[in-house]
Amino acid sequence: MQVVFEDSRLKPILEKVEAGGRLSYDDGIAMYRSADILALGYMANLVRERLHGSITYFNVNRHINPTDVCVASCRLCAFGKKARDPKSYTMSLEQVWETAGIGWSEAVTEFHIVGGLHPELTLDWYCQMLSGLKERFPQVHLKAFTMVEVGYLSQRAKISIRETLERLKDAGVDSLPGGGAEIFCDRVRRVICDHKLTGQEWLETARTAHQLGLHSNCTMLYGHIENEEDRVDHLIKLRELQDETGGLVTFIPLAFHPDNTALSHIPKTTGFLDIKQIAISRLMLDNIPHIKAYWIMMTPSVAQIALRFGADDIDGTVVEEKIYHDAGATTSQSLRRGDLLRLIRKAGREPLERDTLYRPVTRTESTFTVLV
Ligand code: V47
């Protein structure tokens with residue numbers, strides 16, 4: 001079949017995609033500069049269906065944010081608070097364990113645990129938190145701590161990143177979420193998150209985690225002050241890391257939500273950019289198995305469309321989301337398993353419940369089995 005693109009400059013990219021070839025930096029820039037979203041979607045969907053057919057993954061998970069107290073003051077963030085702020089909170093260990101057990105109606109397979117960089121909570125405290133969760137919920141996968149939190153805990157404990165990760169793994173961490181990557185470019189990081197580790201340090205921490213046998217996800221925060229070159233550079237750095245370690249499971253593009261942040265003057269991203277970002281991610285990241293359309297961030301309606309533009313995952317039930325809702329997200333804070341099934345089916349896709357590492361899950365309402 002002869003495929004006709006409105007933007008003929010994308011034709012050489014189609015030839016590469018059809019041949020299973022790798023796209024270059026210049027291809028990435030050309031795609032960002034094109035408004036031919038149907039062409040981008042056509043190509044991304046080719047890759048998506050080559051990898052996963054019509055299957056669309058989701059999981060039954062619960063987010064836990066033990067504290068929003070944070071020593072950093074990143075301009076991009078509306079979640080972190082100073083310890084003296086009366087609106088800040090820090091859970092006790094008992095509160096974390098209790099929170100883990102409430103709010104969900106179907107047995108969860110994953111706890112997604114991230115929080116602020118607290119000036120007093122120690123690595124030992126977090127290890128106790130993890131082992132307490134494992135004791136109480138032995139079947140639940142603990143996807144915990146961004147590379148930024150790992151870096152901070154290692155500084156506070158005055159031990160190496162490797163040792164910190166080993167301690168966390170021994171205490172119960174099964175994998176790491178993808179947050180904190182933002183945009184690797186130093187110029188942009190200085191403005192949006194100057195208190196965080198550098199892009200180089202993020203990549204190095206992920207590399208070490210993968211060397212220790214821990215898988216992780218990865219993200220890119222877009223729609224603030226970055227340009228197209230910064231985005232392509234970020235995607236290529238992730239692709240290079242993956243060539244080396246193979247430890248990245250899912251890429252999640254995250255649209256910047258400006259409300260209640262120090263960058264609240266920046267307009268919100270458009271649905272057009274969000275969909276385009278999904279498609280370009282699928283096309284550039286040829287070695288990362290999954291692209292997630294995080295419904296909390298995109299809205300369930302746009303996430304559904306993304307399933308035809310390169311995404312093969314829609315994330316999970318979430319149960320209690322705080323980071324995006326503090327920054328003005330208008331989506332619900334959770335969805336039921338049945339809602340996710342319906343969204344996926346109504347997009348003409350075939351839902352498959354997965355665990356964090358994409359193994360199929362079979363379940364009754366209160367129990368589940370992971371096929372290994
Ligand atoms: O690290 C913070 C970003 C991340 C804002 O690994 C913001 O499966 C937009 O990483 N506007 C946390 N984004 C979320 C995250 C994530 C979400 C879902 C699944 C997974 C996974 C990871 O959100 C932060 C930061 O990059 N963020 N503030 C904001 N105002």
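Helices, each at least four residues long, and strands, at least two, are DSSP runs numbered from the N terminus. With that naming in hand, Leu-283 can be placed in helix H11 of this predicted model.

Leu-283 makes a friendly starting point for a tour. Buried means under 20% relative accessible area, and Leu-283, with a relative accessible area of 5%, is therefore buried. Which residues surround Leu-283, leaving aside its neighbours within four places in sequence? The contacts are Val-17, Leu-23, Met-31, Leu-40, Met-43, Ala-44 and Val-47. Leu-283 and Arg-48 are 235 residues apart along the chain, yet their C-alpha atoms are separated by 8.9 Å.

Several of these names lead to helix H3. Two packed helices are described by the angle between their axes and the distance between the axes. For H3 (residues 37-52) and H11 (residues 271-284), the axes come within 8 Å and cross at roughly 45 degrees. The two helices are therefore oblique to each other, and the crossing of H3 past H11 is left-handed. On the H3 side, the meeting residues are Ile-37, Leu-40, Gly-41, Met-43, Ala-44, Val-47, Arg-48 and Leu-51. Their partners in H11 are Phe-272, Ile-275, Lys-276, Ala-279, Ile-280, Arg-282 and Leu-283. Sorted by class, this contact contains 11 nonpolar, 1 polar and 3 charged residues.

Helix H2 (residues 25-33) joins the picture through Met-31, one of the contacts of Leu-283. Along with Met-31, the residues Asp-27, Gly-28, Ile-29 and Tyr-32 of H2 are buried. Which elements do the buried residues of H2 pack against? They pack against helix H1 (11-18), H3, strand E6 (215-222), helix H10 (228-245) and H11.

Attention now turns to the nonpolar core. The largest one has 117 residues, and Phe-111, Met-129 and Trp-202 touch the most other members. Phe-111 also shows what kinds of residue can be found around a core member: not counting residues up to four places away in sequence, it touches Arg-62, Ile-64, Ala-100, Trp-104, Leu-133, Phe-137, Val-140, His-141, Leu-142 and Lys-143.

Finally, two loop residues invite a look at the backbone. Asn-260 is not a glycine, and its phi is positive, near 65 degrees. Val-318, also not a glycine, has a positive phi of about 65 degrees. Asn-260 sits in the loop between strand E7 (248-255) and H11, while Val-318 sits in the loop between strand E9 (313-316) and helix H14 (323-326). Is each of them buried or exposed? Asn-260 counts as exposed at 60% relative accessibility, whereas Val-318 is buried, with a relative accessible area of 0%.

Key: Residues numbered from 1 in each chain as written. Predicted model: local features only at pLDDT ≥ 70, side-chain atom pairs only at ≥ 80, totals over all residues. Heavy atoms only, no water. Axes fitted to C-alpha atoms, helices over the stretch in contact; angles between N-to-C directions. Parallel < 35°, antiparallel > 145°, perpendicular 65-115°, else oblique. Left-handed = near helix turned anticlockwise from the far one by under 90°. Contact = heavy atoms within 4.5 Å. Nonpolar A, V, L, I, M, F, W, Y, C, P; charged D, E, K, R; others polar. Core = buried A, V, L, I, M, F, W, Y, C linked by side-chain atoms within 4.5 Å. Buried < 20%, exposed > 50% of the residue type's maximum accessible area, 1.4 Å probe, protein only.
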